[in-house]
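Colleague: Before we turn to individual residues, I should like to learn how a charge placed over an aromatic ring is recognised. Could you begin with the general idea?

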Amino acid sequence: MGRVGPMGRLARAGPALGSAALTGVVRLWRVPRWRGRTGADRDPAAPARWEVVTVDRPPEQVLPDGRWPEPLRRLDGAVEVRVRAAPGDRGTELAARPMAGATPPTGLAAHLVGDDPHLLVRRTLRQVKQRVEAGEVLRADRSALDRPEVRG
Amino acid sequence: MRALCWVAADELAVREVPDPELRNERDVIVRVRRSATCGGDLPLLAGRDPLLRAGDVLGAEFLGEVVEVGPGVRRHRTGDRVVVGASVACGGCWYCRQGLHSCCDNAHADPASVDPDWGRSDAGCFGRPRAAGGFAGGHAEYVRVPYADVGAFRVPDAVDDDRALFAADAAPTGWLAAELGAVRPGDVVAIWGAGAVGQLTARAAVLHGAARVLVVDRHEDRLRMAERHSGAEPLDYRRTDVAAELRDRSGGRGPDVCVVAVGAPPPDRFGGRSVDRPDASREAVHACRKGGVVVVLGATDGFVDAFPLGAVTDRRLTLRGARRPDLRDVPMLLDRMARDELRTEHLATHRLPLEHGPQGYELFRDRADGCVRAVFTP
Ligand SMILES: NC(=O)c1ccc[n+]([C@@H]2O[C@H](COP(=O)([O-])OP(=O)(O)OC[C@H]3O[C@@H](n4cnc5c(N)ncnc54)[C@H](O)[C@@H]3O)[C@@H](O)[C@H]2O)c1
Ligand SMILES: [Zn+2]
């Protein structure tokens with residue numbers, strides 16, 4: 001596991017590095033358990049839906065050395081990842097979904113996404129895409145609200 | 001710094017706001033020399049965008065001088081005089097690499113939350129609400145420009161500020177309309193709306209070789225201007241039967257290409273659309289020749305009732321739309337400006353200091369005193 005499989009074929013990728021070697025952001029989460037989006041008519045035991053982005057670069061650039069790119073690596077242990085070459089030279093389809101049994105992140109990430117793990121997964125995939133395609137993750141303008149020195 | 005801020009519906013004010021700063025490696029900071037009003041600002045001004053917040057800085061079209069450069073910027077240095085495209089786009093996603101900058105995937109600071117449909121977001125834009133992927137606008141002393149290598153363009157010395165300013169948005173939009181319409185030599189092109197965008201669409205159609213260009217509006221001064229500067233034939237819809245006139249002037253065929261550049265009409269007092277005349281896009285669909293192209297520009301209302309879909313299928317029309325231009329045409333348009341093929345300065349009918357921004361918008365909104373664009377100098 002860890003390396004991206006042959007191009008054009010569905011490959012399930014795990015992070016190449018063991019989580020111990022990673023950033024330390026990954027915690028052993030407990031409650032609540034991650035599930036798919038809950039809804040009155042949905043089976044709570046059903047696996048979560050995949051979130052997917054297409055990154056306009058070949059898989060070897062999206063996952064250099066077959067490793068999960070940052071910031072996806074921070075979700076090691078909490079998400080499953082699926083990678084395949086997109087048809088028609090459109091790059092790489094990178095998918096992730098919350099893993100059953102994992103618990104959501106604590107700290108800042110949890111604060112940012114409330115209790116919707118899908119939002120964190122989407123945001124993470126989008127950031128991977130921006131880093132690969134644009135070379136940076138675009139930050140919003142600082143709003144007047146962010147800055148106490150605003151004058152009237 | 002001083003900036004023109006939205007305060008409430010139909011209320012703007014020039015206020016002291018914090019200076020912008022470099023937030024990403026590919027940013028530059030531009031000291032503004034000129035900024036212009038735009039038809040797309042009017043729904044914002046009227047308070048029709050629920051995401052707009054008091055204090056948001058307006059202004060999609062601006063030009064200035066680079067005063068700070070992020071470490072990831074390659075093409076610009078301090079002192080460059082640049083015009084900045086209204087769209088914010090990364091240059092590296094699939095859409096940007098196809099030249100479709102207005103569809104950029106990476107131009108929102110937080111796409112996952114502004115884009116609940118996951119993947120539908122379009123390019124960022126200056127002077128639009130931050131919660132809609134917008135960035136602080138150009139009616140200010142300074143502006144932060146993300147992805148500056150992609151969206152800021154050095155202005156040739158031969159082109160002065162008043163002309164180059166329109167390479168930010170109105171001129172590329174007009175050019176885009178002619179390209180989307182695939183205007184060819186000998187075509188008859190009809191354009192609804194004689195604002196700056198409609199007039200520059202007329203000029204782009206002429207430069208594409210159109211044999212006849214007709215512009216429809218109700219403002220005499222704008223129609224005259226389109227006639228004088230773009231060689232268009234004016235049609236005042238208050239005085240003429242537009243459909244009959246278009247038929248006559250195209251030998252009974254109908255125009256080959258119809259462009260709608262009118263903006264969204266203000267809602268009537270019941271919150272619906274004003275019904276004093278037919279919707280311009282409906283009129284365009286009915287007028288267009290068989291197999292022709294109808295191009296709809298700009299911020300139209302999300303839904304238009306009684307749309308003649310049957311006419312689209314019966315007559316094999318192609319319907320194309322765009323809300324904002326791509327960036328790829330800006331250097332070519334600046335070259336045409338340098339060669340005097342494209343003149344735009346007449347559109348700046350009112351030049352005012354930024355301090356008079358609120359009055360400038362009032363003139364522009366009311367089309368008072370022949371105002372086509374109010375241009376501000378900080
Ligand atoms: N697609 C893009 O890339 C892009 C870029 C910039 C602006 N725009 C849009 O283009 C449109 C025009 O911009 P502008 O700055 O020239 O606007 P503007 O408000 O200055 O001018 C619009 C003109 O349309 C006329 N008009 C309104 N209803 C009409 C009708 N039914 N028939 C004929 N004429 C009618 C008005 O009288 C006015 O002269 C706006 O919707 C704006 O949002 C699009
Ligand atoms: Zn892009």
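Modeller: A charge sits over a ring if NZ of Lys or CZ of Arg is within 6 Å of the ring centre and within 35 degrees of the ring normal. Here Arg367(B) lies over the face of Phe364(B), 5.9 Å from the ring centre. Likewise, Arg82(A) is over the face of Trp50(A), at 4.5 Å from the ring centre.

Colleague: On what basis should these values be read?

Modeller: This is a predicted model, in which local features need pLDDT of at least 70 and side-chain atom pairs count only at pLDDT 80 or more, while totals for chains, interfaces and linings use all residues. Residues are numbered from 1 along each chain as its sequence is written, chains are lettered from A in the order in which they are written, and side-chain values use heavy atoms, with hydrogens and water left out.

Colleague: How many aromatic pairs does the structure hold over all chains?

Modeller: Rings of Phe, Tyr and Trp (its six-membered ring) pair if their centres lie within 6.5 Å; planes under 30 degrees apart are stacked, over 60 edge-to-face, and the rest tilted. The structure holds 4 such pairs over all chains. In one of them, the ring centres of Phe62(B) and Phe126(B) are 5.1 Å apart and the planes stand at 90 degrees, so the pair is edge-to-face.

Colleague: Are Phe62(B) and Phe126(B) buried or exposed?

Modeller: Buried means under 20% relative accessible area, exposed over 50%, and partly exposed in between (1.4 Å probe, protein chains only). Phe62(B) and Phe126(B) are both buried. Together with Phe135(B), they form one aromatic cluster.
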